[in-house]
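Student: I would like to go through one helix and one set of strands in this model. Please show the sequence and structure.

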Amino acid sequence: MTVAPETPLVDMRNINISFGGLHAVRDVSLDLHPGELVGLVGHNGAGKSTLMRALSGAHPADSGEILIEGKTATIRNPRDAKNLAIETIYQTLALAENIDAPGNMFLGRELTTRLGNLDDSSMESEARKIMKRLNPNFTSFKQAVVTLSGGQRQAIAIARAIYFNARILIMDEPTAALGPAETAQVHSLVRQLKSDGIGIFLISHDIHDVFDLSDRISVMYHGRIVATVKPAEVTSDEVLGMIILGKRPGEATEEELDRLRT
Amino acid sequence: MSATTATIEQPRGGPADRIGSFARDNAWTLGLLGFLAVLLGFTKFANPNYGLDSLQGTATSVLPLALAAVAQAVVVISGGIDLSISSQMALTSCIAATLMKGYPGEGVAVGIVILVLLIGVVLGAVNGALVVLTKVPDIVVTLSTFFIWAGFALLVRPAPGGAAADWLKGLVVGGLGIDWLPKAAILLIVLVALIWIPLSRSRLGLSLYAIGSNPLAAFRSGVAVNRTKFLAYVITGFVAAFAGLSLTASTGIGTPVPEPTYVLISIAAVVLGGVSLAGGIGGVFGPIVAVVVLQLIRDDMTFMHVDPNYGLVAQGLILIGVLMVGSLIQQRRSRA
């Protein structure tokens, strides 16, 4: 990662999100640079996904500011986010089960003929082209995606993101539903996307995934960011300490860390 | 990776491939058509007098129900349901019959038909707006509007009556040139071709299936879920107005009391026709065939002098059977 005074791709400032009385995200600031992967880790309910939903438009922030390439952005719904080239890949629930792969890839941004009809053959051939790159074994272009495996569905979701030239990718537990081979496939894809200059936020429970892929790791605890660290500068124990105790490496006592190890 | 790249690789799709995938996609409807053919044979056996005239009669009496089933199918595919269809039909039919009595003239009737279709759009828009804005379940909203439209129908026409323009009657009664081609069937095909086929080939059509399959995924994909849901009810209201007009055309009058079985049969036909009540699956051709099947079963029971009440029982049993078979198929699919 090149640390230059360049404009960050994403600059989230003082984001707050509440659900009724629950303050899920408290005054969080976070940035992301082109070609960088920032891992977001933390307990269930630490606020990682909620923070990312503010960026993906699924649930707008209550207060705070989001700058995309230095410009203040208003993100009220997923369409706004997509117009800013922000794409999200979810663990589940991102595909319409009864529609085929090309339909899902182009859902919301369908290709149409000059008469305004759906251009099924163009959508299918575009889908074939991109899937050839991502997953050459994928051939089920005419079936409803409900009949496909988790890996195949995730490939469709990723294909959708990169087809539309995403510059900012949010991956929310992208490999949680996948087997080892499919996970490895996603990892190599992630590295490829980074080298294309795409900025990626990765939410994961898997510390190894995060250490493997991240340029920086941000740890969230009770709606706040405890610290943002580089994987080379910390041990996985220290990160676990931050996740579980909510304390920075220096702040946790030896005793507390010992308790974690047992 | 650009969206504007020209098509390089054509998807496979020789004629044989296409017929194969058509048969696979429409297996349920084709099976239903086969059943319909058997049923027609049986009808001829049960009532040797059942001839070409009877076929026309069946088509004329089935037309309003078939249109109601199309209307219902659209909203069910989008994941909703419309219980107010039969009173939308009663209201639009009464308005049409009353206006055609009050302002006779074949030319004026064209204007009246257009007005009534617009009223159908408004009724659907009210349903859709209430469902989207109040977030009250659609089954409750449309049950409430069922009573509202029924009340308006009685205000328009306290008793059955009115008139229908001759050309309107001519559209649905009798055969077209040759006896075995009922005009009502032709009209149904034309209407479906003009409404459903463009819809299913449009972005809105895909959005209907998407919000019916998984509203959250559709929302995350950038589909305007609320707008799509609203438009589903608008289209349903528009088609229900055609159904109401076909009632006026086939009976020559408007009847203010909605036939409650219409809405039930429209739902039964939608289910029997392969549309999932959970949304996102099916089309309108299956439900149309299903309406004819249900009507013929009732007719056959009449021919065989079976108490018509048993006809209702039989329809209910068929429906349960279909639902059971349907969920079995779905279970097997999700296991595969």
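Student: How far apart are the end C-alpha atoms of helix H6 of chain B?
Tutor: The model is predicted. Helix H6(B) covers residues 138-156, which is 19 residues. At 1.5 Å a residue these should span 27 Å, and the distance between the end C-alpha atoms agrees with that: 26 Å.

Student: How wide an arc do the buried residues of H6(B) cover around the axis?
Tutor: Buried here means under 20% relative accessible area. The residues of H6(B) that meet this are Asp138(B), Val141(B), Thr142(B), Thr145(B), Phe146(B), Trp149(B), Ala150(B) and Ala153(B). They lie on the same side of H6(B), because the arc they cover is only 165 degrees.

Student: Which exposed residues does the face of H6(B) turned away from its buried side carry?
Tutor: The buried side has cover that includes helices H4 (85-102), H5 (106-134) and H11 (225-251) of chain B. The face turned away from the buried side carries two exposed residues, Phe147(B) and Leu155(B).

Student: Which residue in the turn between E1(A) and E2(A) has a positive phi?
Tutor: Strands E1 (residues 10-19) and E2 (residues 22-32) of chain A run antiparallel and are joined by seven bridges. In this pairing Ser18(A) stands opposite His23(A). The two strands form a hairpin with two residues between them, and the one with a positive phi, about 60 degrees, is Gly20(A).

Student: Which residue in E4(A) stands opposite Val10(A)?
Tutor: E1(A) is also joined by five bridges to strand E4 (residues 63-68) of chain A, and these run antiparallel. Opposite Val10(A) stands Ile68(A).

Note on methods:
Residues numbered from 1 in each chain as written. Chains lettered and ligands numbered in written order. Predicted model: local features only at pLDDT ≥ 70, side-chain atom pairs only at ≥ 80, totals over all residues. Heavy atoms only, no water. Helix = DSSP H or I, 4+ residues; strand = E, 2+ residues; numbered from the N terminus. Expected span 1.5 Å × (residues − 1). Buried < 20%, exposed > 50% of the residue type's maximum accessible area, 1.4 Å probe, protein only. Arc of directions from axis to C-beta. Contact = heavy atoms within 4.5 Å. Pairing = 2+ DSSP bridges.
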